[in-house]
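Work through the exercises below with the model open. Try each task before reading its solution.

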Amino acid sequence: MTETEIKATIIAGLSQIAPEADFEELSPTENIREELDIDSFDFLNFLIGLNDKLGVDIPESDYEKLISMTDLISYLAKRID
Amino acid sequence: MADFIMPSLGADMTEGILVAWQVEVGDQIKHGDIVAEVETAKGVFEVEAFSDGVIEQILVQPGSEAIPVGTVLATIVEEGGTIVSPTVVAERKQVSPAARRLAAENHIDLSQIEGTGSEGAVCLADIEGLIAATTATEVPARKQVETKTSVDFKDGMRQAISAAMSLSNREIPHYYLATDIDMSRSLSWLEEQNRQRSIRDRLLPVVLPLKAVALALRKVPELNAHWVDEQLQLKKEVHIGFAITLRGGGLITPALHKVDQLSLDQLMVALSDLISRTRSGKLRGLEMTDAGITVTNFGDLGVQTIFGVIYPPQVALVGLGKISEQPWAEQGGLSVRPVLTATLAADHRAGDGHQGGKFLDALNRILQEPEAL
């Protein structure tokens with residue numbers, strides 16, 4: 001899976017939570033949860049969605065590494081078979 | 001015979017819109033069955049029957065007019081009774097809640113729209129299509145802007161919160177208490193639990209203090225109550241209102257039921273279900289009124305201490321701040337611990353600070369033994 005495809009999967013998941021967000025405007029290094037006002041419940045559901053689509057079960061101890069779009073893409077790219 | 005009336009779904013509700021009937025004349029209903037959908041300033045709610053029986057007459061058809069709380073909407077012949085002259089249900093226009101809301105925001109008269117959904121139901125796409133098609137031109141189906149046909153969602157939500165909070169601040173002499181709770185035992189226990197679970201079964205940290213609040217209320221039941229007619233009415237069951245913010249703005253505090261009897265897993269499932277239904281507008285009327293206390297959680301934001309406003313007729317509100325690392329002195333030593341500041345805003349008419357102190361003390365002790373939760 002290419003980074004572009006991973007990014008599209010991430011954006012599809014985030015759009016379900018924040019349908020009003022403009023992802024063109026979102027800087028790749030911005031804090032996604034702060035920027036899109038995503039609470040811990042929405043964030044957990046977002047990660048469950050990623051797990052369903054990409055097969056990556058992200059352990060709770062890694063949540064703090066997943067701050068920006070860049071973080072998410074590189075984290076997932078390393079773990080997708 | 002019993003009347004099915006426009007219910008009051010909270011201290012802030014004076015009127016509601018009958019969105020749809022879920023029953024027809026002649027239908028057998030049981031206590032707890034969904035009878036109708038009612039829209040208030042806070043969204044659309046499913047309203048349950050409070051008695052067993054048969055729907056005898058439907059007196060009000062769904063529409064966009066606001067109907068005062070207490071208005072009889074239908075009559076029910078209770079078990080053993082006979083049905084008198086059943087009325088034929090007039091054909092009604094089915095409109096999805098999202099379509100209704102968008103139509104109201106754009107002052108569109110629903111009666112003039114042909115729906116494309118099943119059985120002619122008006123769906124969101126119909127309204128969006130109409131708006132797109134008529135943006136630049138005169139809109140034939142638009143009503144006069146000043147005609148009040150529906151509660152504007154955002155304004156209505158603000159007004160509802162305003163009414164409840166003004167009432168609270170005007171009438172309830174609040175007292176406030178706060179306590180710092182060392183969360184290291186709770187969090188390391190939770191971390192270990194979550195490590196063994198797949199992502200789908202993980203617990204969010206908030207379920208621990210939520211369950212602990214329920215158990216602490218068993219020790220101080222006076223805080224799980226309503227203040228009605230200058231009297232304290234204790235609640236038999238521990239239903240906790242949980243403050244849930246909505247993305248479009250506003251706040252709803254529906255109840256989690258019998259929290260003291262739920263395991264943490266059951267509580268997590270109930271919480272997920274409640275948050276999802278709140279955000280998609282699928283709450284039940286009873287969930288809006290039967291909480292005996294409210295918990296508001298600011299764990300996701302950087303807020304440490306909450307000075308809450310009680311939701312009447314309740315007598316207490318518990319605030320949970322962000323769990324953050326703090327210097328912690330204990331037994332002559334200093335270390336760094338994850339600390340939760342829990343606050344209590346309580347009604348001084350209904351009880352005294354001593355009671356509130358006992359509650360926070362119990363909450364603290366319970367959170368030191370997470371395996372017992």
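Buried means under 20% relative accessible area, exposed means over 50%, and partly exposed lies in between (1.4 Å probe, protein chains only). This is a predicted model: local features need pLDDT of at least 70, side-chain atom pairs count only at pLDDT 80 or more, and totals for chains, interfaces and linings use all residues. Residues are numbered from 1 along each chain as its sequence is written, chains are lettered from A and ligands numbered from 1 in the order in which they are written, and side-chain values use heavy atoms, with hydrogens and water left out.

**Exercise 1.** Find which chains the salt bridge of R33(A) and D300(B) joins, and where each residue sits.

Solution.
- Start with the rule: a salt bridge is a side-chain nitrogen of Lys or Arg within 4 Å of a carboxyl oxygen of Asp or Glu.
- R33(A) and D300(B) pair at 3.3 Å, N to O.
- The pair crosses from chain A to chain B. R33(A) lies in helix 2 (residues 32–36) of chain A. D300(B) lies in the loop between strand 17 (293–297) and strand 18 (316–320) of chain B.
- Helices (H or I, at least four residues) and strands (E, at least two) are DSSP runs, numbered from the N terminus.
- Now check exposure. D300(B) is partly exposed, at 35% relative accessibility. R33(A) is partly exposed too, at 26%.

**Exercise 2.** Decide whether each partner of the D57(A)–R202(B) salt bridge is buried or partly exposed.

Solution.
- The closest N and O atoms of D57(A) and R202(B) are 2.9 Å apart.
- This pair also runs between chains, from a loop of chain A to a loop of chain B.
- D57(A) has 35% relative accessibility, so it counts as partly exposed.
- R202(B) has 4%, so it is buried.

**Exercise 3.** Classify both partners of the D347(B)–R349(B) salt bridge.

Solution.
- Their side chains meet at 2.8 Å, N to O.
- D347(B) is buried, at 2%.
- R349(B) is partly exposed, at 29%.

**Exercise 4.** Locate the largest nonpolar core.

Solution.
- A nonpolar core is a set of buried Ala, Val, Leu, Ile, Met, Phe, Trp, Tyr and Cys residues joined through side-chain atoms within 4.5 Å.
- The largest one holds 106 residues. I10(A), L76(A), W21(B) and F359(B) touch the most other members.
- Helix 5 of chain B gives the largest share, 9 residues.
- Domain 1 (1–171) and domain 2 (174–372) of chain B both contribute, so the core lies between them. Domain bounds come from an automatic or database domain assignment.
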